[in-house]
Amino acid sequence: MQPFTYERATTVSGAIASVAKHPNAKFIAGGTNLLDLMKLGIERPTHLVDISRLPLNRIETQPDRGIRIGAQVTNSDLAAHPHVRAHFPLLSQALLAGASGQLRNKASVGGNLLQRTRCPYFYNTHTPCNKRVPGSGCAAIGGFNRANAILGASESCIAVHPSDMAVAMTALGVQIETITATGQTRQFAIGDLYSLPGATPQIETSLASGEMIVAVHLPTPPRGQQIYRKVRDRASYAFALVSVAAIVERRNGRLASSRIVFGGLAPRPWRADAAEQVLRNGKAEASTFDAAAERALADARTEGSAGFKRELAKRTLRQTLAVAAS
Ligand code: SF4
């Protein structure tokens with residue numbers, strides 16, 4: 001671990017100015033991912049700006065029953081919030097499916113969104129990894145890759161995005177609010193936050209240098225049933241092999257609307273638009289769910305040891321839809 005300096009920020013503008021002033025500075029909040037990466041020498045900031053005590057820890061209910069969530073709200077507090085549990089149960093379920101109680105007590109909403117992949121080769125500094133050292137190669141391709149991506153990957157990187165919360169937030173259509181290094185406020189859909197790896201897997205988000213996430217906006221609660229289902233190697237404290245966030249509205253025996261997002265399959269939360277089209281106005285029955293699952297995974301990679309995820313994802317989606325539409 002290389003030496004670094006540390007300061008605790010008291011204002012958002014001060015934190016942003018401090019990161020802009022130091023050439024290799026980073027924000028730190030809960031530190032549940034960054035500290036591990038620093039200990040392994042994967043992240044090597046020379047200055048840390050602690051933003052965990054900034055006044056960004058409020059959950060504010062809006063007149064449209066949406067909510068504005070400060071980026072420093074902990075995962076535990078967000079999952080337990082009465083309005084979230086009542087109107088966005090998908091988000092509570094996803095948060096509680098992630099990590100452990102201790103980690104959720106420390107992890108912030110902003111940090112959860114920006115956590116790095118858990119591809120084992122990314123954490124092993126003795127192996128090639130294009131994300132860690134651009135141009136060095138990818139040890140996961142042809143290596144131990146059963147937890148890696150089957151959708152949205154590239155020849156440079158097949159890592160998956162690890163967050164459960166981001167999968168639920170994508171299904172719920174959240175907006176991300178940031179402040180740039182020049183003090184401008186930006187707001188954009190979560191779908192525009194994450195980049196696909198292409199030839200530059202080291203670029204994971206659309207955030208500019210020194211830009212800070214300050215809040216997440218949940219819109220009016222959607223109609224219909226919300227379900228988050230996560231399949232993993234053990235019952236807790238494990239990342240998803242496959243997860244599904246589903247919001248399904250049923251009317252007169254038909255599926256009036258639906259939103260489907262996968263986790264554990266791709267470098268970012270993966271919206272299954274084609275499956276949603278299959279479901280639109282379809283009968284709420286097994287044959288419709290089967291057709292949607294086939295369409296959702298039609299482009300999935302099947303080679304390599306992650307190939308089993310294709311069938312696992314189809315089964316998980318069918319089951320989730322059957323419960324959500326019942
Ligand atoms: Fe690195 Fe991505 Fe390859 Fe994993 S899949 S070794 S993160 S380049």
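These legends go with a few close-up views of the empty spaces inside a predicted model.

**View 1. Two hollows turn up inside the protein.** Rolling a probe the size of a water molecule over the atoms is how you find out where empty space is left. When the whole structure is searched, two cavities of 30 Å³ or more come up. The largest takes up about 180 Å³, and the second largest has a volume of about 80 Å³.

**View 2. Here's the largest cavity and its walls.** It's lined by 20 residues, and the ones closest to its centre are Thr117, Lys131, His161, Glu204 and Pro267. Sort the lining of this largest cavity by class and you get 12 nonpolar, five polar and three charged residues.

**View 3. Now for the second largest cavity, with 16 residues in its lining.** Look for Cys119, Cys129, Cys138, Cys157 and Ala159, which lie nearest its centre. The lining of the second largest cavity splits into 11 nonpolar, four polar and one charged residues.

**View 4. Which cavity does the ligand take up?** The ligand fills the space of the second largest cavity. Around the ligand you can find 14 residues, and the closest are Cys119, Cys129, Cys138, Cys157 and Ile158. By class, that shell around the ligand holds 10 nonpolar, three polar and one charged residues. Try spotting Cys119 in both of the last two views: it's among the residues nearest the centre of the second largest cavity, and it's also among the closest to the ligand.

Key:
Residues numbered from 1 in each chain as written. Predicted model: local features only at pLDDT ≥ 70, side-chain atom pairs only at ≥ 80, totals over all residues. Heavy atoms only, no water. 1 Å grid on protein atoms, 1.4 Å probe; cavity = no way out; pocket = protein on both sides within 12 Å on 5 of 7 lines; lining within 4 Å. Points joined across faces, edges and corners; volume = space filled by probe spheres on them. Nonpolar A, V, L, I, M, F, W, Y, C, P; charged D, E, K, R; others polar. Near = heavy atom within 4 Å. Sits in = over half its atoms within 2 Å of the grid points.
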